[in-house]
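Subject: Two-chain model, handover and findings

Hello,

Here is the structure I promised you. Please load it first, then read my notes alongside it.

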Amino acid sequence: MLEIQSARKVFYKGQADEKVALDGLNMSLKTGEFGVVIGSNGAGKSSMLNAISGSLVLDTGKILINGDDVTPMPVHKRAARLARVFQDPMRGTAASMTVAENMLLADLRAKKRTLRPGLNAARLAAYKERLSVLGLGLENRLNTKVELLSGGQRQSLSLIMAVGGSPELLLLDEHTAALDPRTADIVMQATIRTVEALKLTTLMVTHNMQHAVDFGDRVVMLDAGKVRLEIAGDEKTNVTVTDLIGHFSVKTDRMLLAS
Amino acid sequence: MGFFETTLSSFVALIPVTLAQSFILSFVVLGIMIPFRMLSFPDLTSEGAFPLGGCVCGVMLAAGASPLTAIAVALMAGFAAGCCTAFIHLRFRIHSLLAGILIMTMLYSVNLRIMGRSNLSVFGNATVFDWVPGLQAGFPASKIVVAGLISLLVLVLLYLYFKTEKGTAVRAVGSNPDMAEAQGINVWAATIGGIGLAGAFSAGGGALMVQSQGFADVNMGLGILINGLAALMIGEALTGKQTVLRQLAAPFVGAIVYYQLVSLCLAAGMPPPDLKLATGLFVLTMLALPSLKLSRGPAAAKESFRE
């Protein structure tokens, strides 16, 4: 479904602060699979997501979605195939527009936008129903501007917007990191429920080891722009937070020895 | 008669002329509002697009074109000017204000080239204001009717457009370009089209102005941007900007009130040369007001700079 082939990206090339963000990264995700990506800061997690969504142009390498090479496509073209929930609740929604208008924009993500009126009764009813799944009362605030919602409500809205229309690929970029623990939990539960119900192919970046242990079919640990470790199958089912943190420290030791 | 009676009588006498003028200039205010408010793209192109529209219209009329053709060509020229500003900003990552200043400055030469001289009289040529039945051509009443009807039509069409699927997408680009892009919206196309549309409105205002006053002049746009901003701020203070309709009505309401205020100042004996200083001070006050209200020292002032 998703294939990343020897992706390489270097920032500030040829300068003193040259930084290799992706170093010949190879990774793939099967249809319906839920991948969880972990790794320390600067390991290349965000660069990888940006490369998949198109906001980062690779130096070399390819990105394939369902067998199609999307490497030369700009962000807005790839949007027909993938949806993304950003870490920052402010980034995923249009603040000065209403909840219903935001839902409409997401609804039209993969469709051709016409000169017909955007919001109609049928659409409003559908949005109401989809928002009611969250149990946050957003379904009664369709005409509220998004800037008046709390961070958790905005992020929940982003999630519902992203999963609507069942995208071929769902990218979750530490989407609960900016929320308080209780809200983070609500958003995470909603995520798991919808991903399972719609059988979405999902790639989630997280710093939360418990989430990495509890959710997903496969854990991928990135380090210095490469895949350092992959845990899948039975091993994934039995892995604990301690195991994962252990791998982090192994990596750190290696880094110490290398330096 | 005392001061107040004199002022009042000359103000009242000026109302029809001023109203006609404000309907025409409301298109320029619209051409300023769309970039600033709908696309979050602070833009100065209108200062050049307004005389561009005027010059193009003047030359077309002098060449014997029909008033409507002249306006149509002026609209296209303004659209192209707006597109250029947006393209310079997007492609070369030049700040939108600087991109606007570049286009505005270059347009001065372009306008002179188009006309071949600094002003051109088209007095006596047919205008769109001649077509009102039952009214004598050239009088304020016909200008009020024609410009007022066009304003109303544009307001309704824009409102309907911004409620369509395409229009909602354009508004999303102004609200959050990252999000718009992630929702499959082509940010470049929406920005270039939107700023182009704004340029077309400014040029349309210039074209109507030339048909109204009977001559085109390369300097006719001097200070129009600050006048337009002042009008926009008054309009927004009166209509609010919570909904699309209110935001779209603001330029029209603002233009009408602003030019009546100017007329009142002139009637009260304010020397016309002081007008730009007064307008500038007014805009400054309106911009400074939020930070004065929330006054917590310099920090608050920094906040409102984003406006």
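Start with a hairpin in chain A. Strands E4(A) and E5(A) form it, with 2 residues between the strands, and A:Asn66 there takes a positive phi near 50°. Bear in mind that this is a predicted model.

**The hairpin and its sheet**

E4(A) covers residues 60–65, and its pairing with E5(A) is antiparallel, over 2 bridges. Which residues pair up in E5(A)? A:Ile65 has A:Asp68 as its bridge partner. A:Leu64 has A:Asp69.

The hairpin strands belong to an open sheet of 4 strands in chain A. The order is E2-E1-E4-E5, and the pairing is antiparallel. Strand E2 (19–29) and strand E5 (68–69) of chain A are the edges, each pairing on one side only. Further in, E1(A) and E4(A) run antiparallel and are joined by 5 bridges. One position to check there is A:Gln5, which stands opposite A:Lys62 in E4(A).

A helix lies across this sheet. It is H1(A), residues 45–53, and it crosses over strand E1 (2–11), E2 and E4 of chain A. Its direction is at about 65° to E2(A).

**The other sheet in chain A**

Chain A also has an open sheet of 6 strands, with mixed pairing. Read across, the order is E6-E7-E8-E3-E9-E10. The edges are strand E6 (82–85) and strand E10 (226–232) of chain A, and each pairs on one side only. On average, neighbouring strands are turned by 20° against each other, direction ignored.

Within this sheet, E3(A) (residues 34–38) and E8(A) (residues 202–205) run parallel, joined by 4 bridges. A:Val36 stands opposite A:Met204 in E8(A). Helix H5 of chain A, residues 151–163, packs on the sheet and touches E6 and strand E7 (169–173). The direction of H5(A) makes about 175° with that of E6(A).

**Where the chains meet**

How many residues does each chain bring to the contact? Chain B gives 19 and chain A gives 25. On the chain B side, helix H6 (165–175) and helix H7 (177–182) are the elements that give two or more residues. H6(B) supplies the largest share, 7 residues. By class, the chain B side divides into 6 nonpolar, 7 polar and 6 charged residues.

**Chain B: two domains**

Chain B splits into domain 1 (3–270) and domain 2 (273–307). Their C-alpha centres lie 24 Å apart. Each domain of chain B puts 9 residues into the contact between them. On the domain 1 side, helix H9 (224–239) and helix H10 (244–267) of chain B each supply at least two residues. H9(B) gives the largest share of that side, 5 residues. That side of domain 1 of chain B has 7 nonpolar, 2 polar and no charged residues.

**Two helix pairs in chain B**

Two packed helices are described by the angle between their axes and the distance between the axes. I give both values for each pair below.

Take H9(B) with H11(B), residues 275–293. The axes come within 9 Å and cross at roughly 45°. H9(B) and H11(B) are therefore oblique to each other. Their crossing is left-handed. H9(B) brings B:Ile226, B:Asn227, B:Leu229, B:Ala230 and B:Met233. They meet B:Thr279, B:Gly280, B:Phe282, B:Val283 and B:Met286 in H11(B). The count for this contact is 7 nonpolar, 3 polar and no charged residues.

Next is H5(B), residues 140–162, against H10(B). Are they roughly parallel or roughly antiparallel? The axes come within 10 Å and cross at roughly 155°. That angle makes H5(B) roughly antiparallel to H10(B). The crossing of H5(B) and H10(B) is right-handed. From H5(B), the residues are B:Ser151, B:Leu155, B:Leu158, B:Tyr159 and B:Phe162. In H10(B) they meet B:Val244, B:Leu245, B:Leu248, B:Ala249 and B:Phe252. This contact divides into 9 nonpolar, 1 polar and no charged residues.

Best regards

Key
Residues are numbered from 1 along each chain as its sequence is written. Chains are lettered from A and ligands numbered from 1 in the order in which they are written. This is a predicted model: local features need pLDDT of at least 70, side-chain atom pairs count only at pLDDT 80 or more; totals for chains, interfaces and linings use all residues. Domain bounds come from an automatic or database domain assignment. Two residues are in contact if their C-beta atoms, placed from the backbone, lie within 7 Å. Ala, Val, Leu, Ile, Met, Phe, Trp, Tyr, Cys and Pro count as nonpolar, Asp, Glu, Lys and Arg as charged, and the others, Gly among them, as polar. Two strands pair if DSSP finds at least two bridges between them. Axes are lines fitted to C-alpha atoms, for helices over the stretch in contact, and angles run from 0 to 180 degrees between N-to-C directions. Angles under 35 degrees count as roughly parallel, over 145 as roughly antiparallel, 65 to 115 as roughly perpendicular and the rest as oblique. A crossing is left-handed if the near helix is turned anticlockwise from the far one by less than a right angle, and right-handed if clockwise.
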